[in-house]
Amino acid sequence: MGVCVTTLLREKGFKVTPQRLAIYNVLAASKAHPSAEMIFHQLQPIYPTMSLATVYKTIEILKELGLIQVLNAGEDSFRYDADTSNHPHICCRRCGRVDDLHGVDSTEFVEKVVKTTPYRITGQQFYFYGVCPECAAKE
């Protein structure tokens with residue numbers, strides 16, 4: 001997948017830097033849906049001169065290239081997912097953990113929305129909220 005990212009960046013006129021590739025690799029390897037701050041803190045020891053602004057700029061580029069999706073699960077900051085397939089997420093109201101919900105087919109619901117609204121649907125995201133098993137065990 002790294003070659004694909006490198007090629008896409010070059011084709012779209014973006015500079016290929018080790019920091020940009022590292023940011024994408026963190027997202028591609030993570031199921032935790034990290035925020036920009038989480039990515040920054042993970043990579044800062046490896047790239048001490050990298051700024052948080054670099055992380056945000058790279059995220060914008062990756063989003064523009066369709067390589068990641070931006071999640072707004074109702075927190076103070078956005079989370080990011082390199083899995084751009086259409087899938088819902090579940091968010092813990094206690095710790096903020098965000099997980100994928102694969103195997104949940106929303107096709108019928110989306111088709112109903114398309115038939116019900118005069119809007120031309122260009123995308124959708126589903127979020128479910130609850131308490132994760134770790135937080136529930138602490139209660």
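Helices (H or I, at least four residues) and strands (E, at least two) are taken from DSSP runs and numbered from the N terminus. With those labels in hand, we can start at a small spot: S35 lies in the loop that joins α2 to α3. Keep in mind that this is a predicted model.

**Two helices that meet**

Two packed helices are described by the angle between their axes and the distance between the axes. Here, helix α2 covers residues 18-29 and helix α3 covers residues 36-43; they pack at an angle of about 115 degrees, and their axes are 10 Å apart. That angle makes α2 roughly perpendicular to α3, because angles of 65 to 115 degrees count as roughly perpendicular. The crossing of α2 and α3 is right-handed.

Which residues in α2 and α3 meet? On the α2 side they are A22, I23, V26 and L27, and on the α3 side I39, Q42 and L43. Sorted by class, this contact of α2 with α3 has six nonpolar residues, one polar residue and no charged ones.

**The two sides of α3**

Now let's turn to α3 itself. Its buried residues are A36, I39, F40 and L43. Looking down the axis of α3, you would find these buried residues within an arc of 100 degrees, so they line one face of the helix. A general rule helps here: an α-helix has 3.6 residues a turn, so residues three or four places apart point the same way. On the other side of α3, H41 and Q42 are exposed.

What covers the buried residues of α3? The cover includes α2, α4 (52-64) and β2 (79-81).

**Two buried loop residues**

Loops can be looked at in the same manner. A73 is found in the loop between β1 (69-71) and β2. Is A73 buried or exposed? A73 counts as buried, because its relative accessibility is 1% and buried means under 20%. S35 is buried too, with a relative accessible area of 5%.

The table lists what each of these residues touches, not counting residues up to four places away in sequence.

| Residue | Relative accessible area | Residues touched |
|---|---|---|
| A73 | 1% | C91, V98, Y127 and Y129 |
| S35 | 5% | S77, F78, R79 and Y80 |

One more distance places A73 in the fold: the C-alpha atoms of A73 and R97 are separated by 9.9 Å, with the two residues 24 residues apart along the chain.

Methods: Residues are numbered from 1 along each chain as its sequence is written. This is a predicted model: local features need pLDDT of at least 70, side-chain atom pairs count only at pLDDT 80 or more; totals for chains, interfaces and linings use all residues. Side-chain values use heavy atoms; hydrogens and water are left out. Axes are lines fitted to C-alpha atoms, for helices over the stretch in contact, and angles run from 0 to 180 degrees between N-to-C directions. Angles under 35 degrees count as roughly parallel, over 145 as roughly antiparallel, 65 to 115 as roughly perpendicular and the rest as oblique. A crossing is left-handed if the near helix is turned anticlockwise from the far one by less than a right angle, and right-handed if clockwise. Contact means heavy atoms within 4.5 Å. Ala, Val, Leu, Ile, Met, Phe, Trp, Tyr, Cys and Pro count as nonpolar, Asp, Glu, Lys and Arg as charged, and the others, Gly among them, as polar. Buried means under 20% relative accessible area, exposed over 50%, partly exposed in between (1.4 Å probe, protein chains only). The arc is that of the directions from the helix axis to the C-beta atoms.
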